[in-house]
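User: Hi! I would like to get a feel for this protein before I go back to the bench. Could you walk me through it?

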Amino acid sequence: MSAATDRTREAKTILLENDRGTYTVPTEGLYPFQWNWDSLFAALGWAQFDLPRAWAEIHSLFDAQWPSGMVPHIVFWSDSSSYFPGPEIWRTGRNAPASSGISQPPVAATIVKLLSEMDHLPSLSLYRSIERWHQWWHRARDPEGRGIIAISHPWESGRDNLPDWDQPLSRIASSSNGHHQRRDLDHVNPDMRPLQADYDRYLALVDQAATVGWDDTVIAQQSPFWVADPGLSAVLLRAERDLIWLGTALGEPTDAAQIRVARLESGFEQFWNDKVGAYCSLDLRNGQHAEAGTSASFLAPYAGIVNHTEQLLNELEAWSQTCEFLVPSFDPRHPHFEPLRYWRGPVWCMVNYMISTGLNEIGATQWAERLRTDTAKLITKSGMPESFNPITGGPVGGQDFTWTAALWLAWASHQPCPM
Ligand code: GLC
């Protein structure tokens with residue numbers, strides 16, 4: 001049996017073992033609940049061998065949607081003491097089900113479109129739930145209509161401890177919850193996790209938002225952490241285009257989504273940092289760009305943005321001179337790059353998948369294929385951990401990880417075969 005076939009069996013086993021009936025945990029222990037974008041990538045994995053299960057995954061996530069349209073980043077369907085912070089810290093006032101109070105990059109419309117091409121269109125009610133989620137992003141996280149989407153917490157970006165967040169976080173006094181008991185370090189080597197000082201601030205932000213009752217208007221006006229993220233904006237822009245596709249197929253009006261697309265398209269240039277030559281996050285409290293590119297800088301083509309394609313490909317080439325495996329989560333030439341520490345260096349499969357999809361679409365097919373084969377090599381070499389060391393290819397973070405398994409099944413293992 002070939003190594004690729006073995007990995008395919010392993011990937012299915014990981015999904016089955018992380019399956020909790022209607023949702024899939026990212027990994028046992030470290031992440032014992034439903035996570036938003038993990039679940040959607042899981043659906044893509046399930047779709048390779050069980051389409052009804054894939055749809056169930058998406059429906060269960062939207063069962064936790066808030067009346068505002070927000071879809072939470074964690075849904076606490078059951079109790080578990082292996083994770084912190086739980087519902088008692090989030091204090092959202094919602095119990096059926098309990099959830100966190102922030103969201104995550106909205107990949108739903110994009111994945112639902114892929115499922116529709118493989119199976120059937122979504123129900124009208126699922127489509128409308130996604131539409132309400134998109135409206136929420138614009139209303140709550142871009143209230144000024146600038147066409148760039150802010151995050152109110154580093155976790156909302158899905159890229160928790162990116163160096164981009166260091167400076168904005170530094171204006172937050174360390175937590176009133178300073179004596180919390182982290183659980184992540186029970187599961188994973190501390191060198192691969194965010195630092196304690198970061199955690200204290202993550203908790204302080206949760207506490208502040210809970211204190212104002214998770215009121216979106218107050219958060220937008222007062223949150224000390226309010227940073228526009230090119231990763232989130234690119235994911236939403238693509239998702240809006242895919243929502244239009246779905247709406248058209250379902251015979252629904254799409255005018256509102258078209259207006260949102262136009263706003264995001266023209267807004268995206270605000271991320272361009274000429275000094276760095278990359279799309280960089282923008283601290284909306286002081287107007288400063290982050291000082292280095294990240295893997296999200298390469299998501300512009302995925303969003304259909306092609307203004308700086310040549311510079312972007314040159315940058316990818318430069319990064320490839322430093323790292324054996326693309327795409328590290330942060331500029332590998334920068335002093336803040338750390339190949340093991342979570343979002344400060346490691347390679348993440350689902351980010352590679354999105355970047356590669358965009359590169360394919362703009363005709364940069366060699367780079368697109370390079371990213372796919374790098375991902376396949378990493379999985380062939382190191383199995384299906386949370387992420388990978390871009391220098392050695394070694395495993396980083398939690399083991400038997402759902403989205404790594406899902407992306408192997410849905411993308412990385414496809415022909416031509418990995419070595
Ligand atoms: C971490 C990641 C986030 C992911 C979650 C569960 O918080 O940064 O992107 O959704 O773990 O895997």
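Analyst: Happy to! Please keep in mind that this is a predicted model. Of the 419 residues in the protein, 63% count as buried.

User: How many helices and strands are there in the protein?

Analyst: Both kinds of element are present. The protein has 15 helices and eleven strands.

User: Why is the protein described as being as compact as a globular protein of that length?

Analyst: The globule rule gives 22 Å for 419 residues. The protein comes close to that value, so it is as compact as a globular protein of that length, with a radius of gyration of 20 Å.

User: What share of the contacts with a separation of 6 or more comes from residues 24 or more positions apart?

Analyst: A contact here means heavy atoms within 4.5 Å. Among contacts in the protein with a separation of 6 or more, the share from residues 24 or more positions apart is 71%.

User: Is Pro385 buried or exposed?

Analyst: Pro385 sits in the loop between α14 (365-382) and β10 (387-388). The cut-off for buried is under 20% relative accessible area. Pro385 has a value of 0%, so this residue is buried.

User: Which residue, 19 residues from Pro385 in sequence, is 6.7 Å away in space, C-alpha to C-alpha?

Analyst: Leaving out residues up to four places away in sequence, Pro385 touches Pro395, Val396, Gly398, Gln399, Phe401 and Thr404. The one that is 19 residues apart from Pro385 in sequence and 6.7 Å apart in space, C-alpha to C-alpha, is Thr404.

Definitions and conventions
Residues are numbered from 1 along each chain as its sequence is written. This is a predicted model: local features need pLDDT of at least 70, side-chain atom pairs count only at pLDDT 80 or more; totals for chains, interfaces and linings use all residues. Side-chain values use heavy atoms; hydrogens and water are left out. Helices (H or I, at least four residues) and strands (E, at least two) are DSSP runs, numbered from the N terminus. The radius of gyration is taken over C-alpha atoms; the globule rule is 2.2 Å times the number of residues to the power 0.38. Buried means under 20% relative accessible area, exposed over 50%, partly exposed in between (1.4 Å probe, protein chains only).
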